[in-house]
Amino acid sequence: MSQQPHTSKRATQTCDVMLLLEGTFPYVSGGVSSWVNQIIRGFPDLSFGICFIGARSDDYGEPKYALPENVVHMERHFMLEEHDLPPKRRSKGNQKAFTTVRTFHESLRSGASVTTLNAFMNEIVPQLPEGRHLDASEFLYSKQAWECIAEEYERHCTDPSFIDYFWTVRMMHMPVWKLQQIAQDLPPTRCYHSVSTGYAGFLGALLKHQTGRPLTLSEHGIYTKERRIDLFQSTWIHDSRGVFEKDATQAPYLRELWIRFFEALGKICYEASDHIVALYEANRLRQVADGAPAERTLNIANGIDLRRIEKLRALRPPSPPPVLCLIGRVVPIKDIKTFIRAMRTVVNQLPDAQGWIAGPEDEDPAYAAECRSIAANLGLTENVKFLGFQNIADILPKVGLIVLSSISEALPLVLLEGFAAGVPCVATDVGSCRQLVYGLDEKDKALGAAGEVVGIAEPEEFAHAAIRLLCDKARWHASQAAAIARVERYYTHDIMFGKYRAIYNLMLTHPPAAVAPTRRGCPHSNG
């Protein structure tokens, strides 16, 4: 019942590593996609497959990246499109199977252990394929499914609309069966590598349970945290509470339901993963707090191609240009508006200052239009430039500061690339930015500050930090020296690839784990 995949012209064949990618490479530019591109090209001796998962096909245009030659398989699937729904089939449903589902949901609510989750997955996953007790038809049309949804609504839902609850549950769960079909049809692979939890991570868990092949998870940001931000900002989740029922301190129940759903997918992915990689220590601890087995977690920082980017230093002018450049997508999570507002203060003191926004605007055109409107209303049309996607080699030698105004990040490659080119930064206090700017341990901190870190959504603080650096050449050059020393010592391709080489070697030489037996041909039962 899954949508027919769009498969590349390259022959489908067994590959060494199947990358499970949600909403990133090759259709979206940005840090995670750039990292995926680096990983594939960094291991030319390995063959890679790509299984791309998105929400809807209309959300994506042409690929932003050319596929490297060692990509031997490519397919894409969209989770929130209705395709090939199973025919309606009257069924009472299997009471025992749905009782297991109810118990599984309760275990997730109560914070089930990894062992408990594994036991449930071994029991439930074999029942998902077509013709078995928990297939898509049973979920959509059986009496047991209806009773299960109604019971959960009565026990837990605080939203007054059962109709909204019913359709929300169906919408969020239908991708499970699409993912099961994808897992069943994916070509043979020696190991799997997911770059997030969410639907891609759940696909990894299905593949691990189905094949016994090793699975690595690399989280650049914490997926559940980022989805929480997205869901709180979303307008498509209906809130049917009356005006006197709403509490400004509480999210509507259906929004919380989506959040808990993605938290559950995260726990399932953590349970199935052999290696759980974070980019920095704070995120590793967050993974453990969210249910990841601590003994499987480790940190591997992003790395950049130092030899390529360090050449740009020779192209820089002797004094820092009064140019502040934000390199990134024009989307709300990057908080472009705060940067634009900060530029008003910067220009008040440095009239010749320029604020460059170098990134695509097609992901959220409405937000991009709002950003342009703010710049115009603040009288900054001559000082704030929207440049679209740019080659960093053309941009970095011309700027005095790399700026990052995001409300959420992990370990942003753009700061590392700026450091390698000799450009210090001003960044918000998100993700690993404090670590990158000021250092992690005492030895790292001794290198000095590579710029300044400021509060989230604080345009005045942001502006004054930029002004301090641009107006004090000695301070700017000291920050430049710290930035170069830090990236050279801790954040290079060679370091990152060496650590991933060790993981890939372990996965590719490790025999498949035992797989729970599948009850083939299990007939439907109305018991």
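What follows is a short walk through a helix pair, a sheet, some aromatic rings and two backbone details. The structure is a predicted model, and everything below is computed from it.

A good place to start is with helices α5 and α6. Helix α5 takes in residues 143–156, and helix α6 takes in residues 162–185. The two pack with their axes 10 Å apart, at an angle of about 125 degrees. That angle makes α5 oblique to α6. As for handedness, the crossing of α5 past α6 is right-handed.

Who touches whom here? On the α5 side, the residues that meet α6 are W146, I149, A150, E152 and Y153. On the α6 side, their counterparts are F162, Y165, F166 and V169. Sorted by character, the residues of this contact come out as eight nonpolar, no polar and one charged. The charged one is E152 in α5.

Several of these names turn up again among the aromatic rings. Ring pairs tie W146, Y153, F162, Y165, F166, W167 and Y253 together into a cluster. Of these, W146 and Y153 belong to the α5 side of the helix contact, while F162, Y165 and F166 belong to the α6 side. Across the whole structure, a search turns up 26 aromatic pairs.

Next comes the sheet. It is an open one of six strands, paired in parallel fashion, and reading across it gives the order β11-β10-β9-β12-β13-β14. The edge positions go to β11 (384–386) and β14 (451–454). Each of these two has a single partner strand, so one side of each is left without a neighbour in the sheet. From one strand to the next, the twist averages 20 degrees.

Within that order, β9 sits between β10 and β12. Strand β9 covers residues 323–327 and strand β10 covers residues 354–358; the two run parallel and are joined by five bridges. One residue pairing can be picked out by name: L326 has I357 in β10 as its bridge partner.

Two spots in the backbone round off the picture, and both are in loops. The first is at P26, in the loop between β2 (15–22) and α1 (31–42). The peptide bond leading from F25 to P26 is cis, with omega near 0 degrees. The second is D335, found in the loop that lies between β9 and α12 (336–349). Phi of D335 is near 45 degrees, which is a positive value in a residue other than glycine.

Methods: Residues are numbered from 1 along each chain as its sequence is written. This is a predicted model: local features need pLDDT of at least 70, side-chain atom pairs count only at pLDDT 80 or more; totals for chains, interfaces and linings use all residues. Side-chain values use heavy atoms; hydrogens and water are left out. Axes are lines fitted to C-alpha atoms, for helices over the stretch in contact, and angles run from 0 to 180 degrees between N-to-C directions. Helices (H or I, at least four residues) and strands (E, at least two) are DSSP runs, numbered from the N terminus. Angles under 35 degrees count as roughly parallel, over 145 as roughly antiparallel, 65 to 115 as roughly perpendicular and the rest as oblique. A crossing is left-handed if the near helix is turned anticlockwise from the far one by less than a right angle, and right-handed if clockwise. Contact means heavy atoms within 4.5 Å. Two strands pair if DSSP finds at least two bridges between them. Rings of Phe, Tyr and Trp (its six-membered ring) pair if their centres lie within 6.5 Å; planes under 30 degrees apart count as stacked, over 60 as edge-to-face and the rest as tilted.
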